[in-house]
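Got the viewer open? Set it to cartoon, keep the selection box handy, and let's walk through this one stop by stop.

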Amino acid sequence: MTRFIVLLIAAYIIYYLFKNSLKSKTSRNVTQHHTDKKSDAVITHLKEIAYVFYSATKDGNTCDVCMELDGRHLLPNHKILQTMKPPHTGCKSPKGCRCTLVYVTRDEEGSREIESLLKKRGGMCDKQTIDRERIG
Ligand SMILES: [Zn+2]
């Protein structure tokens, strides 16, 4: 469990470092992505993100909705990502929604493997599918 939290924090740090470094050095590249005006920067930094996974804090207070979404892996440009962004309003946990989205960058070991798996599967997989495909 501790190991997982450390990984989670590491993923966030990497994500923020990427976000910041992209902001400073790729302002030139941003101009190439004017298809969607409101999210130029988002699209640019998403290029470095291999995939995103949903993480619920699993304990006795975790509601069914969060439990169901836990471990769901998605491509960063997946439409559903916008609607399932935590904290979600349907959360029934008395402690409130404590879910997070973990962004995994492409330099993370094995991330490209999962990314290509997600591409084959239409952009979204549950954790069981990911585990099964990686072993097999
Ligand atoms: Zn939640």
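Here is a tour from the overall fold down to single residues.

Before you click on anything, bear in mind that this is a predicted model. Colour by secondary structure and you should be able to pick out seven helices and four strands. Trace the chain from its start and the elements come in the pattern α-α-α-β-α-β-α-β-α-β-α. As for burial, 18% of the 136 residues in the protein are buried. Now think about contacts between residues at least 6 apart in sequence: 61% of them join residues at least 24 apart.

**Stop 1: the sheet.** Select the four strands. They make an open, antiparallel sheet, and its order is β3-β1-β2-β4. At the edges sit β3 (100-105) and β4 (124-125), each of them pairing on one side only. Next, show helix α6, residues 111-120, which packs on the sheet and touches β1, β2, β3 and β4. Line up your view and you'll find that the direction of α6 makes about 80° with that of β1.

**Stop 2: inside the sheet.** Zoom in on residues 49-55 and 73-74, which are β1 and β2; two bridges hold this antiparallel pairing. Which residue of β2 does Phe 53 stand opposite? Click across and you land on His 73.

**Stop 3: the core.** Turn on side chains for the largest nonpolar core, a set of 18 residues in which Tyr 51 and Val 104 touch the most other members. Strands β1 and β3 and helix α6 each supply at least two residues of this core. The largest share is from β1, with six residues. In general, nonpolar side chains in soluble globular proteins tend to be buried together.

Stay on Val 104 and expand the selection to its contacts. Skipping neighbours within four places in sequence, you get Ala 11, Ile 49, Ala 50, Tyr 51 and Ser 111.

**Stop 4: the loop before β3.** Move to the loop between α5 (80-83) and β3, where you'll find Pro 87. Check the peptide bond leading into Pro 87 from Pro 86: this bond is cis, with omega near -5°.

Lys 95 is in the loop between α5 and β3 too. Is Lys 95 buried or exposed? Lys 95 has 12 other C-beta atoms within 10 Å, so this residue counts as exposed, the cut-off being 12 or fewer. For a last click, draw a distance from the C-alpha of Lys 95 to that of Cys 63: the two are 32 residues apart along the chain and separated by 9.9 Å.

Terms used. Residues are numbered from 1 along each chain as its sequence is written. This is a predicted model: local features need pLDDT of at least 70, side-chain atom pairs count only at pLDDT 80 or more; totals for chains, interfaces and linings use all residues. Two strands pair if DSSP finds at least two bridges between them. Two residues are in contact if their C-beta atoms, placed from the backbone, lie within 7 Å. Axes are lines fitted to C-alpha atoms, for helices over the stretch in contact, and angles run from 0 to 180 degrees between N-to-C directions. A residue is buried if 20 or more other C-beta atoms lie within 10 Å of its own, exposed if 12 or fewer, and partly exposed in between; C-beta atoms are placed from the backbone. A nonpolar core is a set of buried Ala, Val, Leu, Ile, Met, Phe, Trp, Tyr and Cys residues joined through C-beta atoms within 7 Å.
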